[in-house]
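Me: Please take a close look at a single part of this model, then carry on to what else you can say. Keep it brisk, and give me the cut-offs.

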Number of protein chains: 2
Amino acid sequence: MKRNYTSEDVAKLAGVSQSTVSRVFAGTTQVSEKKKKKILEAATKLQYRPNAHARSLTTRKSSMIGIIVRNIRNPFYSAVLEIFHRRLSALGYHLIFINSENEKIQDKEIGQLLDYRIQAVIITDALIASAAAEKLKQHGIAVFLFNRYTKHSNNTAVYCDNYLAARQIATYLIELGHKSFAFISGPHDTSTTVDRLKGFREVLEKNKIKDFIVEAGHYTYESGYKLAQELMLRCKDIDCIFCGNDIIALGAMDAIRVMGFKIPEQVSVVGFDNIDMSDWPAYSLTTWEQPVEEMIEWVVRKISGHPDEKNNKGETIMMKGHLVIRNSVKSRK
Amino acid sequence: MKRNYTSEDVAKLAGVSQSTVSRVFAGTTQVSEKKKKKILEAATKLQYRPNAHARSLTTRKSSMIGIIVRNIRNPFYSAVLEIFHRRLSALGYHLIFINSENEKIQDKEIGQLLDYRIQAVIITDALIASAAAEKLKQHGIAVFLFNRYTKHSNNTAVYCDNYLAARQIATYLIELGHKSFAFISGPHDTSTTVDRLKGFREVLEKNKIKDFIVEAGHYTYESGYKLAQELMLRCKDIDCIFCGNDIIALGAMDAIRVMGFKIPEQVSVVGFDNIDMSDWPAYSLTTWEQPVEEMIEWVVRKISGHPDEKNNKGETIMMKGHLVIRNSVKSRK
DNA sequence: ATAATATTTGAATACGAATTCATAATTATA
DNA sequence: TATAATTATGAATTCGTATTCAAATATTAT
């Protein structure tokens, strides 16, 4: 392989010392214009690029950021990944991507992230959050929980106010005259599910509505499809379903339609996330939009502003979002 | 920050030399069982993990692999990324993710990939392929084009036989008695588009069919929607549309239905890729399935088998795939 | 038991850039 | 113009692991 040139080579060609070359590329100290120009010329000629490993070795940090995504096949997270990449790469960071489906791989990979002395890790996976966060923080890596939080620990987290959102959705459905409610959720042990359920249930109870069924599954299309199917078979009088997220909702809608029910005429469906597909005419799903851009913006600012873990004191930020009304809900009055 | 322990620390605690510790973790040379055990104990006690940068610095390579995805919001590529990650992380590699929307960022980021002396780059982006591949290869980084190839150069590439696929799709549509054809494609300057168009057109010509309209756009839902809309307005006698990929097809289907046409009764639609959504009952899209798992498998084997660029001689592999028949096409006989 | 061979081990060095510290060159001040 | 205060520069060292080379130890053959 064509050997890569080093700062030493550039120094020789430019007639300066290695230190000076380093200074030009690190941009830490002033270098006279004259030498700077010579150095840059020499560097261009040799196609020199600083070795990132050597740099990270001395500086004890890298410009890498880990991003752990629960399920990249969920369009919500594809979008999140896309935005994070756009923002962070513009700032010179590199994303190490980890899709976490299976806990075993996770653990190993988190260890490997440590090996790279990465600067921060963004975690969008509820199941992995606490344990991993602890381990990473022990090693001085800043951890950001995205779209989830952990109660007991002092993690830095940004998430949407799921409780409030669920309350507003419930209120909306009640106001439109719905009588028989169902909630098809994700795993029951995640903060998102818990909060959404809590908010929804509270409003129902306050309105003395007993007719409420909860089905927990996964945040996937298949899960939504299957649970909706079972639900509609068992309880034919259901007139509205709140789904844990959009991809569940799409699955539910398809199942319901396949069974011959009309949406929204017979059953109203509400999702959560406002992924691209919920706007497709085939679904036109009423859903809750998370302020994704702002949530990401907040994380990015934290990362770039406070590179080290010292400032990672466990700030938790909650954002609101809003209801996007489309055509999957119909007034029952 | 709690300083990270080094092999030196482990050596001291275990009463051996740093070299021996290194040998245990690098796994290059034999170390006596006795010392090995002591070292591992000491390492566990200190929570020692080898510094990946130091390692990469001496070995002159890293276990990082870049993956450049054209548009991660396209579910086809989410799936591809997911599979690549599953395979490669199991082999101890790390994925640096790059979403390429905008050419400027690309160039800069490719440069940065060089800084990490990454082992290989997987490129799924047609627009970036040639230039980037050249630059990367110059620096001794193995390049793998996925789902595309470049004519003139000797790049290693794996892709689906688009030409053959398009021929079979055309044949299938003709056999079912379709008379008026349209092709809604992606950008006209990508190998995928060119090959699919060529195959499709050839079969039509062979069958003396002149009634053929081509609309080029992007590989997005929006583009499919818009072009289908225009198409149906202009040529109301179209009875089948071949779409450049599934996400275009979904957009096209929605547009067509919104305009009041029935699929497949009035218009047949065929996609390409067989993404998850094409199986959703709302679409039930007949499409061409690329042998994604095998394509990825091939790349992974190349990467893990031949770590350096010497063996990157520009092998191009074409795989077949097959038609998945669903309900978006109807016989016109 | 001894010689011959094979296996482990440690000391020293390399990898490539950043940084400290001391010196040289420049600029500002009197 | 001489001196003080800055600024730019280079030599030497450091980061943490891998590896070479030579010495030490263990193993096998005789």
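Reply: By class, the surface near DNA strand C holds 8 nonpolar, 15 polar and 6 charged residues. Nonpolar here means Ala, Val, Leu, Ile, Met, Phe, Trp, Tyr, Cys and Pro; charged means Asp, Glu, Lys and Arg; the others, Gly among them, are polar. Near means that a heavy atom of the residue lies within 4 Å of the molecule or strand.

This is a predicted model, where local features need pLDDT of at least 70, side-chain atom pairs count only at pLDDT 80 or more, and totals for chains, interfaces and linings use all residues. Residues are numbered from 1 along each chain as its sequence is written, chains are lettered from A and ligands numbered from 1 in the order written, and side-chain values use heavy atoms, with hydrogens and water left out.

In total, 29 residues surround DNA strand C. The closest are A:Ser7, A:Arg55, B:Thr20, B:Arg23 and B:Ser32. Of the strand C atoms within 4 Å of the protein, 62% belong to sugar or phosphate; the rest belong to bases.

Which elements supply this surface near DNA strand C? Helix 2 (18-26) and helix 4 (52-59) of chain A, and helix 2 (18-26) and helix 4 (52-59) of chain B, each give at least two residues. Helices (H or I, at least four residues) and strands (E, at least two) are DSSP runs, numbered from the N terminus.

Now the polar contacts, which are pairs of N or O atoms within 3.5 Å; within protein, one must be able to donate a hydrogen and the other to accept it, and residues adjacent in sequence count only if both atoms are side-chain atoms. For B:Thr20, a polar side-chain atom is 2.5 Å from a phosphate oxygen of DNA strand C. A:Ser22 places a side-chain N or O atom 2.6 Å from a phosphate oxygen of that strand. B:Arg60 has a polar side-chain atom 3.3 Å from a phosphate oxygen of strand C.

Next, DNA strand D. It has 29 residues around it, and A:Thr20, A:Arg23, B:Ser7, B:Ser22 and B:Arg55 come nearest. Sugar and phosphate make up 63% of the strand D atoms that come within 4 Å of the protein. The classes here are 7 nonpolar, 16 polar and 6 charged. Helix 2 and helix 4 of chain A and helix 2 and helix 4 of chain B each supply at least two residues of the surface near DNA strand D. Helix 2 of chain B gives the most, with 5 residues.

A:Thr20 has a polar side-chain atom 2.5 Å from a phosphate oxygen of DNA strand D. B:Asn51 uses the backbone: one of its N or O atoms is 3.0 Å from a phosphate oxygen of strand D. B:Thr58 puts a polar side-chain atom 2.9 Å from a sugar or linking oxygen of strand D.

How do the two chains relate? Chain B can be laid on chain A by a turn of 180° and a shift of 0.0 Å along the axis, with an RMSD of 0.1 Å. The copies are therefore related as by a two-fold rotation axis. The superposition is by least squares on C-alpha atoms of residues with pLDDT of at least 70 in both. Of the interface residues of chain B, 100% are also interface residues in chain A, so the copies meet through the same surface.

Methods. Contact means heavy atoms within 4.5 Å.
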